[in-house]
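Here is a short tour of one protein chain for someone who is new to reading structures. Keep the picture open while you read, and look up each part as it comes along.

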Amino acid sequence: MVYRVFHRLGLLCFAVILLFGKLGWNPLFGMCAGSVLLAAAILRRKPSFRLCILGTAFCIAGFSLLLWQLTRLEPARAYQGKTITVWGAVLETERFSSSNLRADLQLLQYHAPNGLAGKRLRLFAYDTLDVEVGDVVQCSIKLDATTDTALYAKGLHLSGTGSILRIQDGGADALLSVRLAHYRTRLSHHITYWLPGDEGQALAGMLLGNSQQIPRQIRSDYARTGISHLLAVSGLHLATLAALFELLVSRLLSRRERAVFILLFTIAFMALTGFSPSVTRAGIMLIILQGACLLGRDPDSLNALGLAVLLLLVQNPYAAFGISLQLSYLATLGILLFSRPFASWTIQRIGADPFTLREQHPLTFQLIESVMLTLSASVLTAPLLCWQFGKISLVSPIVNLMVAPLAAIALPAGLLCGFFGFFPQFALLAQLCGLAGGLAVKGIHQIAAWWALTPHACLAITEAWFLLWWAGALAIGILLWQLHADTAQRRYAALLLTVVLLGSANLREWLFRDSLQIAVSRYGGTVAFAYSTQGAVLGTPSSVPAAEQLCDFLEDSGVVQIDLLVAQTQDALYSDAVRQLAKRMPVTHALALEDCHGFQAELFGWVELSAVGSHPDRISVQIGNLQLEKIFHPQTVQADLLVNHRGELITAPNCHPAIDHRLYRSDRFKIRRTNREGRRSNDAIHDRE
């Protein structure tokens with residue numbers, strides 16, 4: 001227990017799996033490297049504990065990755081590009097429009113090809129029938145053995161496009177996953193029935209994880225204020241509910257009886273949420289801690305966290321690539337490592353004794369602990385949030401502190417409302433719980449909406465160099481803290497890091513001054529240009545979410561208006577997506593290609609646009625010595641950069657822009673303005689059909 005074996009082992013396994021996945025290394029190499037490290041540690045005159053832990057982590061990570069590939073990925077690769085007809089039970093659905101559906105299916109044993117029975121896959125269907133969770137459907141699917149680690153993290157290693165041929169109501173209730181999906185659906189229905197409106201949808205999303213039904217404005221306010229974690233069911237929800245229910249039964253049950261009650265509640269909540277990685281991690285932690293209490297042992301939170309993560313990664317190593325588990329693990333680790341030291345440091349700085357302050361001023365003590373807990377959870381998650389979403393909320397600590405009491409009311413009230421909804425005789429109780437939960441959620445909405453309007457509430461951080469500096473500074477700070485460095489060393493390190501930051505910023509500003517930013521949407525079919533405060537868009541977003549992503553890019557780039565919007569058809573200019581775009585970003589000029597006989601335009605004083613012929617189906621963009629072509633129909637063109645009719649960005653062999661794929665669901669790159677005239681010769685011809 002002194003060495004916290006499971007804590008170190010879980011942390012190292014997490015890091016090794018991420019390393020192998022990012023670099024594409026063979027899992028056998030990990031097992032061999034681990035065996036060598038273990039042998040070196042054992043053969044030493046004095047066995048090395050650190051080498052043993054590192055070797056064991058390599059062995060576990062390599063073995064779990066190899067087992068997953070042999071049992072899950074290899075059978076799926078045999079069906080790459082093949083069209084099959086299968087029966088599957090619907091576990092989750094998400095409809096993007098009246099005709100576009102995304103569904104997660106569990107293939108049934110009968111009529112399933114070899115190696116696919118019982119497996120889960122994601123289906124993208126168009127012009128499809130209405131399906132509900134729990135239905136058994138017959139599908140014709142063209143399979144794609146995906147390499148998307150985000151799908152692997154959810155236990156899905158197959159995806160495909162196709163159509164739903166037949167629907168059979170029920171018939172899969174024997175599957176535990178389907179039964180749990182039924183219960184989640186009914187719970188959500190009970191909550192939204194007794195609490196209609198945005199509050200009911202938000203409360204159901206908080207408890208059961210279906211946040212797609214929540215209005216986008218509410219989700220945007222939550223994101224800007226740093227409380228989006230409330231809309232994604234996670235370990236925070238489980239810990240809050242478990243603590244509240246334990247408090248309610250504290251006077252009725254003994255310590256051991258409370259531990260048994262919390263164990264049963266934890267298992268039930270894990271099952272109810274579909275054993276999502278973040279909830280499962282928190283659930284295993286609680287089970288270990290409560291089990292230690294039952295056995296009369298002193299629990300160790302860091303060891304419990306490490307063991308929970310280790311068990312998750314052994315079962316599915318690709319869970320390490322899931323953003324929910326990464327944020328959950330880092331937030332919990334930050335709280336366990338920093339909350340008490342931060343609180344003690346703060347209390348000492350105000351000249352008080354911790355024990356005296358707790359006894360004489362309990363509210364002040366609780367306030368300091370709450371603030372430090374919020375800050376501790378943000379220490380390790382902030383760089384990851386910036387890397388994944390490109391933004392950081394500056395008001396997050398304040399808003400989290402304000403909404404914490406309301407969330408503590410909303411979560412149990414919503415859960416009780418959904419539970420009482422199963423029993424008609426408890427309809428009044430369900431209504432009262434729904435009312436209490438709705439008032440709490442409404443308060444959270446109002447707080448988020450008010451703080452979201454605050455200037456600079458959310459800061460856009462999209463540069464990779466700054467995130468690397470941030471991560472390095474965080475690592476150096478933790479190292480100095482662990483080594484108990486004196487004040488002079490800490491000041492010297494801070495000065496050195498500041499010089500590095502300023503030097504990098506000035507160098508970046510000099511290298512990319514006067515640059516044009518370009519974003520090619522991967523799903524919306526648009527090419528967006530941002531230069532100073534001006535912007536231009538070629539093509540129209542395919543959906544309202546795509547328009548929101550486009551607006552986020554333009555606003556974060558400093559654009560205040562769209563000088564030119566070019567659509568393919570006149571109808572596209574009046575779509576809901578374009579209305580949403582114009583609502584957030586003024587459009588000064590807009591035109592449809594089908595209504596013009598070609599055009600020529602100059603943007604930003606140095607970018608030339610042209611479309612030739614009657615009803616043109618391509619737009620040429622001359623950017624200095626680079627030529628970009630945006631086409632709307634399959635055709636052969638000559639260009640340095642090509643955006644085809646599917647929205648894919650294709651580069652010529654001699655053109656290598658530094659493309660960032662992380663943010664806005666777009667491929668982004670910059671082109672620096674130069675004074676040189678002339679075009680680069682390029683014989684690359686792209687034929688994409």
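## A first look

In this predicted model, valine 607 has isoleucine 623 of strand S15 as its bridge partner. That pair is one small detail of a chain that holds 20 helices and 21 strands. Below, we go from the whole chain to its sheets, and then to two single residues.

**The chain as a whole**

- The C-alpha trace of the protein chain spans about 85 × 70 × 60 Å along its principal axes.
- A compact globule of 689 residues would have a radius of gyration near 26 Å, and the 28 Å of the protein chain agrees with this.
- Of the 689 residues, 46% count as buried.
- The accessible surface of the protein chain is about 34,900 Å², and carbon and sulfur atoms own 59% of that surface.
- If you take the contacts between residues at least 6 apart in sequence, 66% of them join residues at least 24 apart.

**The open sheet**

- As a reminder, the strands of a sheet pair through backbone hydrogen bonds, and the pairing is either parallel or antiparallel.
- Six strands make up an open sheet, in the order S13-S14-S15-S16-S18-S19, with mixed pairing.
- Which strands stand at the edges? They are strand S13 (599-603) and strand S19 (649-651); each has a single partner strand, so one side of each is left without a neighbour in the sheet.
- On average, neighbouring strands of this sheet are turned by 15 degrees against each other, with direction ignored.
- The valine 607 you met at the start lies in strand S14 (residues 607-611), which pairs with strand S15 (residues 618-623) in the antiparallel sense over four bridges.

**The barrel and a helix across it**

- Five strands close into a barrel in the order S1-S2-S3-S5-S4, and the pairing here is mixed.
- From one strand of the barrel to the next, the twist averages 55 degrees.
- Strand S3 (residues 120-126) runs parallel to strand S5 (residues 159-168), and four bridges pair them.
- Within S5, glycine 160 is the residue that stands opposite leucine 123.
- Helix H5 (residues 176-194) lies across strand S1 (83-95), strand S2 (100-107) and S3. The angle between helix H5 and S1 is about 30 degrees.

**Strands S8 to S11, and S20**

- Strand S8 (residues 515-521) and S20 run antiparallel, joined by seven bridges.
- In S20, aspartate 667 stands opposite valine 520.
- Strand S20 (residues 666-672) is mostly covered, with five of its seven residues buried.
- Strand S10 (residues 534-538) is also mostly covered, since four of its five residues are buried.
- Five bridges pair strand S9 (residues 527-531) with S10 in the antiparallel sense, and valine 527 stands opposite leucine 538 in S10.
- The hairpin of S9 and S10 has two residues between the strands, and serine 532 takes a positive phi near 60 degrees there.
- S10 also pairs with S11, this time in the parallel sense, over five bridges. One of the matches is valine 537 with leucine 565 in S11.

**Serine 64, a residue in a helix**

- Serine 64 is part of helix H3 (residues 49-77).
- Is serine 64 buried or exposed? Its relative accessibility is 5%, so serine 64 counts as buried, given that the cut-off for buried is under 20%.
- A polar atom of the serine 64 side chain lies 3.0 Å from the backbone oxygen of alanine 61.
- Beyond its neighbours within four places in sequence, serine 64 is in contact with Ile17, Leu313, Val314 and Pro317.

**Threonine 569, a residue in a loop**

- Threonine 569 sits in the loop between strand S11 (561-567) and helix H20 (576-584).
- With a relative accessible area of 27%, threonine 569 is partly exposed, because this value falls between the 20% limit for buried and the 50% limit for exposed.
- A polar atom of the threonine 569 side chain lies 3.3 Å from the backbone nitrogen of alanine 572.
- Not counting residues up to four places away in sequence, threonine 569 touches Ala592 and Glu594.
- Threonine 540 is 29 residues from threonine 569 in sequence, and their C-alpha atoms are 9.5 Å apart in space.

Notes:
Residues are numbered from 1 along each chain as its sequence is written. This is a predicted model: local features need pLDDT of at least 70, side-chain atom pairs count only at pLDDT 80 or more; totals for chains, interfaces and linings use all residues. Side-chain values use heavy atoms; hydrogens and water are left out. Buried means under 20% relative accessible area, exposed over 50%, partly exposed in between (1.4 Å probe, protein chains only). A polar contact is a pair of N or O atoms within 3.5 Å; within protein, one must be able to donate a hydrogen and the other to accept it, and residues adjacent in sequence count only if both atoms are side-chain atoms. Contact means heavy atoms within 4.5 Å. Two strands pair if DSSP finds at least two bridges between them. Axes are lines fitted to C-alpha atoms, for helices over the stretch in contact, and angles run from 0 to 180 degrees between N-to-C directions. The radius of gyration is taken over C-alpha atoms; the globule rule is 2.2 Å times the number of residues to the power 0.38. Accessible areas come from the Shrake-Rupley method with a 1.4 Å probe; for residues, only the protein chains shown count as cover.
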